[in-house]
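Subject: Structure handover

Dear colleague,

Please find below the structure we spoke about, together with its sequence. My notes on what was found in it follow directly after.

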Number of protein chains: 2
Amino acid sequence: MIQSLTIARPDDWHLHLRDGAMLTAVLPETARHFARAIIMPNLVPPVVTGAQAAAYRDRILAALPAGQTFEPLMTLYLTEDTDPADVAAAHASGLIKAVKLYPAGATTNSASGVGDFDKVRPVLEKMAEIGLPLCVHGEVTDADIDIFDREAVFIDRVLDPIRKSTPGLRVVMEHITTAEGVDYVKSNDHDLGATITTHHLIINRNHILVGGIKPHYYCLPVAKREIHRLALRAAATSGDARFFLGTDSAPHTDPNKESACGCAGCFTATNTMPLLAHVFEQDGALDKLEGFASRNGPTFYGLPVNNETLTLTKHAQPASFPAKIDTPDGPVTVFDPGYPVYWTAT
Amino acid sequence: MIQSLTIARPDDWHLHLRDGAMLTAVLPETARHFARAIIMPNLVPPVVTGAQAAAYRDRILAALPAGQTFEPLMTLYLTEDTDPADVAAAHASGLIKAVKLYPAGATTNSASGVGDFDKVRPVLEKMAEIGLPLCVHGEVTDADIDIFDREAVFIDRVLDPIRKSTPGLRVVMEHITTAEGVDYVKSNDHDLGATITTHHLIINRNHILVGGIKPHYYCLPVAKREIHRLALRAAATSGDARFFLGTDSAPHTDPNKESACGCAGCFTATNTMPLLAHVFEQDGALDKLEGFASRNGPTFYGLPVNNETLTLTKHAQPASFPAKIDTPDGPVTVFDPGYPVYWTAT
């Protein structure tokens, strides 16, 4: 029985750090376990230019506590006005590692996202040319499409046409939630990967809606039925290098979650690595955890695997995690898997 | 163009009035428009005996403001310990009009409900003998059944077997939410009816989960996808006498809705009749509203249609409804259809 597992230090390939006081409060939660993270650009206003990304990177590094090391991998928020030359320059300088596509209205702070995909074609073609990945929030936003169908419909109506009309474009399907997402990645040989969140490996939609409505389990894309969770588990633990960790950890204060219109996002930065150890152990796949959390992501992004390590230790008694992170804006509830976890990470 | 419609005074065939201060606060909202209502027995502790139902009826009548008239139609909460003789006596005296079946754990205050249906067989057989309807919360509670499948699975696994093994038992499927529920009613000739809520005619599950999680749209059974809402609309406006209004109006204070685990229930007592006028007008079926709200229910229950009337009036400007009802326990949010309503009821 494995009681301790040391892996290359993991990275988080999809992370929301926010800005200001919230950034300062939540950054140490990620930097404690992760060496790098792809930083989502959906601030208010969004990070749309190289100059804005550079300034945001500087604010992140300034917020890092003494004694922690962390490398933010910056992204630009794709809008219909994004300038291909600015994107190329930010990539050439090493500043940005990806561009993020939000369909307009799909999730938190996505109002500046793309409505007309033809308008971003020049940017996508430039990205294909220079090898810069496109990170995709894969949901259509049509009012008449059921929320649980929106990922599968996006693949058919938007993603597959974009990929076919932009040969060589490298795409990461972010936070996939469906068997259709898994299957789409597996059916493509090149230039396509997917991140999977911690919480989508753990909850299905029953967790949100049975016995009361639970806003702290609400994120977008919303968790689907159990068969989809099982498909995500199988993909994450399979060893297939096209699937890698992107927590989508997203802090919202409790008043913004427990409200008449609660914000979308689960905050998993604090306990993701212990939770993943639990999940991979449950599935008899602890030997695949390093690939999922530490190796597959750098491989996709063409970056080196971290030299540092992280050690996961299983204890005889359940580990204790903070229920909430205190921030100047208010408490942020840490994702609760609903069962005891015996692993810690150091 | 109809600007005014006078119908026999409606009844509400599924209503939660609670007790104490909440009862006093919400009862006038129902009594303003409805002559009678089937009163749900899921208090804490539940109303399980004839004596408890008589005492609850007295508390309801004592809470009625001067100038309002209202007849509570009492029900008993079916438990595995329910005494068939007590049920029969409460029915013979005219006190109760139905018995309510909650599968254990299905919704608010249902912990005393039925887990082993064989244990309630003597009660069901007695009810069939005396013609007392069984009101059914039609959802299985098995953890491994997806919440959106629970009504359809209940019909197959529980309701249909109960009805087949208890000939003559009159059943009301409460607050049906699915095309399967509609089809099951329509495929049976005798002894089966269904109530439909106001909110299930208006919202689908996208309203709960798109663009934020909205606890005031959360009820159990939870709203399903759009095709099911359309099936309910078609059933309600069809004129088929087996479908009738049961609002399931259920007051919860805002702090109990906007929480880490929000309570199930929509409060529609205040504006149900204006909303129904809007819905039936939209579907070109204003001539069917009286059947749905005022005639089909009494017919099923073997009670006279009310002699009094209610007049619905359409105005040139949107009608104004209170956003919340103030209660000593806290504010209760009134169901918001999300669009302007031009009808009032007097």
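Two strands are taken as paired if DSSP finds at least two bridges between them, and the account of the sheets below rests on that rule. Please keep in mind throughout that this is a predicted model.

With that rule, 3 strands of chain A form an open, antiparallel sheet in the order β1-β10-β13. Its edge strands are β1 and β13 of chain A, each of which pairs on one side only, and from one strand to the next the twist averages 20°. Strand β1 (residues 4-8) is joined to β10 (residues 309-314) of chain A by 5 bridges, and within this pairing A:Ile7 has A:Leu310 as its bridge partner. On the other side, β10(A) is joined by 3 bridges to β13 (residues 343-345) of chain A, again in the antiparallel sense, and here A:Lys314 has A:Trp343 as its bridge partner. Helix α10 (residues 272-282) of chain A lies across β1, β10 and β13 of chain A, running at about 135° to β13(A).

Chain A also holds an open sheet of 8 strands with parallel pairing, in the order β2-β3-β4-β5-β6-β7-β8-β9. At its edges stand β2 (12-15) and β9 (243-245) of chain A, and because each has a single partner strand, one side of each is left without a neighbour in the sheet. Neighbouring strands of this sheet are turned by 30° against each other on average, direction ignored. At the β9 end, strand β8 (residues 192-196) of chain A pairs with β9(A) over 3 bridges in the parallel sense, and A:Leu245 in β9(A) is the bridge partner of A:Ile196. Helix α6 (residues 179-186) of chain A packs on this sheet, where it touches β7 (171-173), β8 and β9 of chain A, and its direction makes about 150° with that of β8(A).

One helix deserves a separate note, as it appears in the description of both sheets. Helix α11 (residues 289-301) of chain A lies across β2, β3 (36-39), β5 (96-101), β6 (134-136), β7, β8 and β9 of chain A, running at about 115° to β9(A). In addition, α11(A) lies across β1 and β10 of chain A, where it runs at about 25° to β1(A).

Turning to the interface, the contact takes 26 residues from chain B and 26 residues from chain A. The area buried between chain B and chain A is about 2,300 Å², and carbon and sulfur atoms give 57% of that area. On the side of chain B, the residues that lose the most area to chain A are B:Asn206, B:Leu209 and B:Ile213, which together account for 26% of what that side buries.

As for the charged and polar pairs, the rule finds 6 salt bridges across the interface of chain B and chain A. In one salt bridge, the side chains of A:Arg225 and B:Asp149 meet at 2.7 Å, N to O. Across this interface there are also 14 residue pairs in polar contact, with both residues at pLDDT 80 or more. Helix α7 (residues 205-209) of chain B supplies the largest share of the side of chain B that touches chain A, namely 4 residues. That side of chain B divides into 13 nonpolar, 6 polar and 7 charged residues.

With best regards

Definitions and conventions
Residues are numbered from 1 along each chain as its sequence is written. Chains are lettered from A and ligands numbered from 1 in the order in which they are written. This is a predicted model: local features need pLDDT of at least 70, side-chain atom pairs count only at pLDDT 80 or more; totals for chains, interfaces and linings use all residues. Side-chain values use heavy atoms; hydrogens and water are left out. Contact means heavy atoms within 4.5 Å. Buried area is the accessible area (1.4 Å probe) that two parts lose on being put together, summed over both. A salt bridge is a side-chain nitrogen of Lys or Arg within 4 Å of a carboxyl oxygen of Asp or Glu. A polar contact is a pair of N or O atoms within 3.5 Å; within protein, one must be able to donate a hydrogen and the other to accept it, and residues adjacent in sequence count only if both atoms are side-chain atoms. Helices (H or I, at least four residues) and strands (E, at least two) are DSSP runs, numbered from the N terminus. Ala, Val, Leu, Ile, Met, Phe, Trp, Tyr, Cys and Pro count as nonpolar, Asp, Glu, Lys and Arg as charged, and the others, Gly among them, as polar. Axes are lines fitted to C-alpha atoms, for helices over the stretch in contact, and angles run from 0 to 180 degrees between N-to-C directions.
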